[in-house]
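User: Could you take a close look at the aromatic side chains in this model and walk me through how they are arranged?

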Amino acid sequence: MHGPGSAAWLLVALCAATGAYCLLRMRSGVEEQRRTAGGEALMGFGMALMAIPAAVVTPPPAAWAVYAVVFGAAALRALWAARSSAHHLHHLVGAFAMTYMAVAMAAAPGGHAGHAAAGAPLVTGLLLLYFAGYVLWSGARLVPVATAAGGGPPSTGWGDRPELARACRLSMGIGMVAMLLTM
């Protein structure tokens with residue numbers, strides 16, 4: 001590693017690649033998977049934009065307000081969707097975390113986290129605990145399970161494979177931990 005700039009670019013690459021994969025997952029034949037993948041693509045690309053080093057691009061202060069509005073709307077959508085599926089509660093926490101970080105960055109001198117202490121330490125700590133726990137939990141779910149003789153993965157399209165969706169969520173969770181640590 002050559003310092004924080006390299007780590008930031010790795011985070012940008014991870015989040016952008018995750019967002020791109022989630023866009024591809026939107027081609028699924030299952031409506032719920034398409035909807036979930038769309039929300040996750042928004043999160044991946046939003047995280048990639050927010051992680052761009054300030055030395056390269058310093059967004060105008062209004063950009064953080066736009067991020068806050070977009071992710072606030074995503075949080076409301078996730079809250080509405082949580083009525084039918086508990087999985088959307090995770091999306092709600094993620095969208096809230098993105099809104100929280102956008103507001104904190106807008107309030108920070110210089111408009112970028114990492115240059116000044118931003119955000120409420122209690123909220124940041126709670127979000128860090130949640131996402132660290134989520135990373136451990138989702139990472140453990142990726143451990144392969146022994147299948148019966150002759151059994152293998154089902155013959156579904158690669159966009160409908162649950163282990164790839166879990167890996168996508170794991171990488172976004174890792175990215176969220178990294179972003180919260182810089183606050």
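Analyst: Happy to; here is the setting, followed by the aromatic cluster and a charge over a ring. Please keep in mind that this is a predicted model. The chain has six helices and zero strands, and 40% of its 183 residues are buried. Contacts between residues 24 or more positions apart make up 77% of those with a separation of 6 or more.

Now to the rings. A pair of aromatic rings is described by the distance of the centres and the angle of the planes. The count here comes to five aromatic pairs. One of them joins tyrosine 130 and phenylalanine 131, whose centres are 5.0 Å apart with 85 degrees between the planes. That angle makes the pair edge-to-face because it is over 60 degrees. Phenylalanine 131 is buried, at a relative accessible area of 2%, whereas tyrosine 130 is partly exposed at 31%.

Another pair is formed by tyrosine 134 and tryptophan 137, with 5.8 Å from centre to centre and planes at 50 degrees, which counts as tilted. Both residues belong to helix α5 (residues 121-141), and because they are three residues apart, about one helical turn separates them. Tyrosine 134 is buried, with a relative accessible area of 10%, while tryptophan 137 is partly exposed, with 48%. Tyr130, Phe131, Tyr134 and Trp137 together form one aromatic cluster.

Finally, a charge over a ring: arginine 83 sits over the face of tryptophan 80, 3.7 Å from the ring centre.

How values were computed:
Residues numbered from 1 in each chain as written. Predicted model: local features only at pLDDT ≥ 70, side-chain atom pairs only at ≥ 80, totals over all residues. Heavy atoms only, no water. Helix = DSSP H or I, 4+ residues; strand = E, 2+ residues; numbered from the N terminus. Buried < 20%, exposed > 50% of the residue type's maximum accessible area, 1.4 Å probe, protein only. Contact = heavy atoms within 4.5 Å. Phe/Tyr/Trp six-rings, centres within 6.5 Å; stacked < 30°, edge-to-face > 60°. Lys NZ or Arg CZ within 6 Å of the ring centre and 35° of its normal.
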